[in-house]
Amino acid sequence: MNTVLFYISGHGYGHVVRMAQVIRELRQLVPGWRILARTEAPAQMVPPGVECTSAEFDAGVVESEAGVVIDEAATLERVRRLVSSWDIIVEREAGFVRENCVRLIVADIPGIAGQIAHAAGVPCMGISNFTWDWIYEPYAREYLSFLEEGYSRMEVLLRLPFAQRERLGWFRRVVDAPLIASQTRAHAQRPRGSPIRALLASRAQVSNEVLGAAKADAPEFEFVIPPLVIGFAETFESCDVIIAKLGFSLVAESIAGRKPVLYPPRLNFREDEVLLVEAPQHLQMLPIPQNDFKAGRWGHHLRQLVAMPPVTSGLRTDGARFCAEFIAGF
């Protein structure tokens, strides 16, 4: 029996959401394989039947103010702690790999996974639109060599759309993959005149006071707070508009489902440098100023968003199947 181990960043939930879709496709292709996952994200977000365990091997970033501001000082401290424990983590995880007879490691996208694979003597591949050394480059340059070394141990990177342009030379090979997004779309039919349903999709939700102000400012909208895990996809599909900070999985699902997005600009996170330029070519989206977002003054911006002309994207959204087929044939 082949055993594949996924190392999934616990930063946000976008990484585990997209890898869960890859895992589902992989299980359909090779139902006899054993699949393991290591992540600090909630285990319920990993498909049933996957052996999911929690482990610390990633730093991510520290977010504040409903997730739209990156605390660089706190993030730098987390990166420092990761690097100080680097060798201990590699030794521990290499032992886990050997004990479980892992044949392949898939990473989204902790750099240490490549070092673990090298220590355990198994191949490793990455799947992502960004790497952590690129994210940390503006303020944590002294620690980047550890991540660079880890990425250099990976056999291949399956590069998703909206990817960084720099710092990919560490990978031995780069293969472009389509968007990873759900392929099942169940559009609910609602009575004419029903409120416009707006999903608050970010993990860090606004306060009750802000939500109350938003309801008063936009009475024609129904604001929906989704469940964390079970039922999120169904709730997403039942809504007409998405309110959330930008991120790969949010953008990918919105493109696939043709859901307009109202977003508060995120500060100090480099992924947005790409998303803000490229995503509007594929998605109906509009920024809301931070002050208006925090005060619940959403009505004008939501009305402006839904009045915008629809955007048709030509991007493929079958990236989960593409990645699963690549893993199965690796």
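**Entry 1: Thr235**

I looked up Thr235 and found it in helix 8, which covers residues 232-238. I note here that the model is predicted.

Is Thr235 buried or exposed? I read a relative accessibility of 16% for Thr235. Buried means under 20%, so Thr235 counts as buried.

Next I listed what Thr235 touches, leaving aside neighbours within four places in sequence. I found contacts with Leu199, Val224, Pro226 and Pro227.

**Entry 2: the open sheet**

I turned to an open sheet of seven strands. In what order do its strands lie? I wrote down 3-2-1-6-7-8-9, and the pairing is parallel. I marked strand 3 (51-53) and strand 9 (174-176) as the edge strands, since each of them pairs on one side only. Neighbouring strands of this sheet are turned against each other by 20 degrees on average, with direction ignored.

As a reminder to myself, strands of a sheet pair through backbone hydrogen bonds, and the pairing is either parallel or antiparallel.

I then checked one pair in detail. Strand 2, residues 34-39, pairs with strand 3 in the parallel sense, and I noted three bridges between them. Which residue stands opposite Leu36? I found Glu51 there, in strand 3.

**Entry 3: helices on the sheet**

I looked for helices that pack on this sheet and recorded two entries. Helix 4, residues 112-120, packs on the sheet and touches strand 1 (3-8), strand 6 (104-108) and strand 7 (124-128). The direction of helix 4 makes about 170 degrees with that of strand 6.

Helix 13, residues 319-328, also packs on the sheet. I listed its contacts as strand 1, strand 6, strand 7, strand 8 (156-159) and strand 9. The direction of helix 13 makes about 175 degrees with that of strand 7.

**Entry 4: the whole chain**

I ended with the protein chain as a whole. How many helices and strands does it have? I noted 13 helices and 14 strands.

The C-alpha trace spans about 60 × 45 × 30 Å along its principal axes. I compared the radius of gyration with the value for a compact globule. For 330 residues that value is near 20 Å, and the chain has 20 Å, so the two agree.

Buried residues make up 55% of the 330 residues. Of the contacts with a separation of 6 or more, 68% join residues 24 or more positions apart. I last wrote down the accessible surface, about 14,200 Å², of which 52% belongs to carbon and sulfur atoms.

Terms used: Residues numbered from 1 in each chain as written. Predicted model: local features only at pLDDT ≥ 70, side-chain atom pairs only at ≥ 80, totals over all residues. Heavy atoms only, no water. Helix = DSSP H or I, 4+ residues; strand = E, 2+ residues; numbered from the N terminus. Buried < 20%, exposed > 50% of the residue type's maximum accessible area, 1.4 Å probe, protein only. Contact = heavy atoms within 4.5 Å. Pairing = 2+ DSSP bridges. Axes fitted to C-alpha atoms, helices over the stretch in contact; angles between N-to-C directions. Rg over C-alpha atoms; globule rule 2.2 N^0.38 Å. Areas by Shrake-Rupley, 256 points an atom, 1.4 Å probe, with all protein chains shown as cover.
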